[in-house]
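Here is a quick briefing to read alongside the model. Keep the viewer open as you go through the bullets.

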Amino acid sequence: MRAFGRSLFLLIVAGAFAGSFMVVGAQDEKKAEYVGAEGCLCHADPVHKSWQLSKHARAFELLKLAGQEKNEKCLACHTTGYGQGGYGTAGVEANLEGVQCEECHGPAGDHVEKMDKDLITRTPSAMVCARCHMEKSIHARP
Ligand code: HEC
Ligand code: HEC
Ligand code: HEC
């Protein structure tokens with residue numbers, strides 16, 4: 001457990017470094033755009049297929065069932081790229097409902113346009129999951 005804590009700490013530090021480099025680069029570089037899961041169909045089978053069967057793909061349906069699909073408190077974890085230029089951003093037409101590819105792999109516009117495997121986060125770290133999956137569910141009921 002301690003070893004895990006330590007490597008998690010290192011991950012965070014590494015992430016912070018990567019982040020600061022990215023900020024430097026971001027000044028003259030446009031951030032990639034979101035294309036939506038339909039834009040990722042080069043990976044049709046098995047990746048897209050199995051994602052489509054996952055609960056992530058249907059996370060927005062949960063909000064609809066609960067009548068909460070307009071509640072801003074819910075969107076960051078039940079849509080893709082909310083507040084990051086994705087879901088809900090003016091001018092973005094891709095369907096970004098639910099937890100899609102780009103929520104974990106980052107916006108794929110450049111990757112798709114140039115067909116370059118270096119222009120996407122290929123293996124997202126566990127930090128990505130932790131953003132939505134807290135140690136104790138935020139939905140835990142008393
Ligand atoms: C911090 C991220 C986060 C936020 C914010 C969030 N959710 Fe969730 N939601 C999750 C995760 C992760 C799961 C799946 C596992 C779990 O329950 O922790 C989930 C599961 C659910 C479920 C199915 C399971 C259950 O407990 O019923 C519903 C319904 C739901 N969320 C509705 C909402 C609504 C409505 C809001 C806004 C009021 C919301 N969520 C806000 C992350 C979030
Ligand atoms: C919930 C987060 C999440 C979602 C959603 C997700 N992925 Fe992934 N993906 C990962 C993680 C983590 C890995 C690396 C670990 C693994 O291989 O399982 C991965 C691995 C991959 C790989 C292999 C990369 C390599 O170079 O080995 C491809 C391709 C991929 N994902 C494409 C997709 C596509 C396309 C979608 C949407 C249809 C998608 N992913 C949705 C988290 C996600
Ligand atoms: C943007 C928020 C978000 C991110 C990031 C995210 N999840 Fe989820 N995850 C959810 C929500 C919301 C649900 C609930 C869907 C439902 O219950 O229908 C869920 C459900 C799940 C489930 C149960 C789904 C099933 O198909 O049985 C697993 C397992 C899971 N997530 C693992 C992961 C892993 C591993 C990662 C990182 C690679 C990750 N999640 C990243 C929001 C997220």
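Start with ligand 1: its shell splits into eight nonpolar residues, six polar and one charged. For these classes, Ala, Val, Leu, Ile, Met, Phe, Trp, Tyr, Cys and Pro count as nonpolar, Asp, Glu, Lys and Arg as charged, and the others, Gly among them, as polar. This is a predicted model, where local features need pLDDT of at least 70, side-chain atom pairs count only at pLDDT 80 or more, and totals for chains, interfaces and linings use all residues. Residues are numbered from 1 along each chain as its sequence is written, while chains are lettered from A and ligands numbered from 1 in the order in which they are written.

**Around ligand 1**
- The shell holds 15 residues, and the closest are Gln68, Cys74, Cys77, Ser137 and His139; a residue is near a molecule if its C-beta atom, placed from the backbone, lies within 6 Å of it.
- Helix α4 is the top contributor here, giving five residues.
- Both α3 and α4 supply at least two residues each.

**Around ligand 2**
- Ligand 2 has 16 residues around it, with Cys40, Trp51, Cys101, Cys104 and Arg122 the closest.
- Two or more residues come from each of α2 (44-53) and α5 (101-105).
- The largest share, four residues, belongs to α5.
- By class, this shell has eight nonpolar, six polar and two charged residues.

**Around ligand 3**
- Here 17 residues make up the shell, and Lys55, Ala59, Cys77, Cys129 and Cys132 are the closest.
- At least two residues apiece come from α3 (59-65), α4 (72-78), α5 and α7 (126-130).
- The class split is nine nonpolar, four polar and four charged.

**Overall build**
- The protein chain has seven helices and zero strands; these are DSSP runs numbered from the N terminus, with helices being H or I over at least four residues and strands E over at least two.
- Of its 142 residues, 20% count as buried; buried means 20 or more other C-beta atoms within 10 Å of a residue's own, exposed means 12 or fewer, and partly exposed is in between, with C-beta atoms placed from the backbone.
- Taking contacts between residues at least 6 apart in sequence, 48% join residues at least 24 apart; a contact means C-beta atoms, placed from the backbone, within 7 Å.

**The nonpolar core**
- In soluble globular proteins, nonpolar side chains tend to be buried together.
- The largest nonpolar core in this model has 10 residues: Tyr34, Val35, Ala37, Cys40, Leu75, Tyr87, Ala94, Leu96, Cys101 and Ala108. Such a core is a set of buried Ala, Val, Leu, Ile, Met, Phe, Trp, Tyr and Cys residues joined through C-beta atoms within 7 Å.
- Leaving aside neighbours within four places in sequence, Leu96 is in contact with Tyr34, Gly36, Thr79, Thr80, Gly81, Gly86 and Tyr87.

**Two loop residues to click on**
- Gly39 sits in the loop between α1 (2-26) and α2, and is partly exposed, with 19 other C-beta atoms within 10 Å.
- Not counting residues up to four places away in sequence, Gly39 touches Ala94, Ala108 and Val112. The C-alpha atoms of Gly39 and Ala108 are 8.3 Å apart, though 69 residues separate them along the chain.
- Glu97 is in the loop between α4 and α5, and it counts as buried because it has 20 C-beta neighbours inside 10 Å.
- Beyond four places in sequence, Glu97 touches Phe60 and Thr79.

**Backbone oddities**
- Most residues other than glycine have a negative phi, and most peptide bonds are trans.
- Asp45 and Pro46 are joined by a cis peptide bond, with omega about 10 degrees, and Pro46 lies in helix α2.
- Met115, not a glycine, has a positive phi of about 50 degrees.
- Met115 belongs to the loop between α6 (109-114) and α7, and is exposed, with 8 other C-beta atoms within 10 Å.

**How far to trust it**
- Mean pLDDT, the predictor's confidence in each residue from 0 to 100, is 85 for the protein chain, and 78% of its residues reach 70 or more.
- Among the elements, α1 has the lowest mean pLDDT (47) and α5 the highest (98).
- Over residues 8-28 pLDDT stays under 50, and for them the model has four contacts beyond four places in sequence.

Technical notes:
Two residues are in contact if their C-beta atoms, placed from the backbone, lie within 7 Å.
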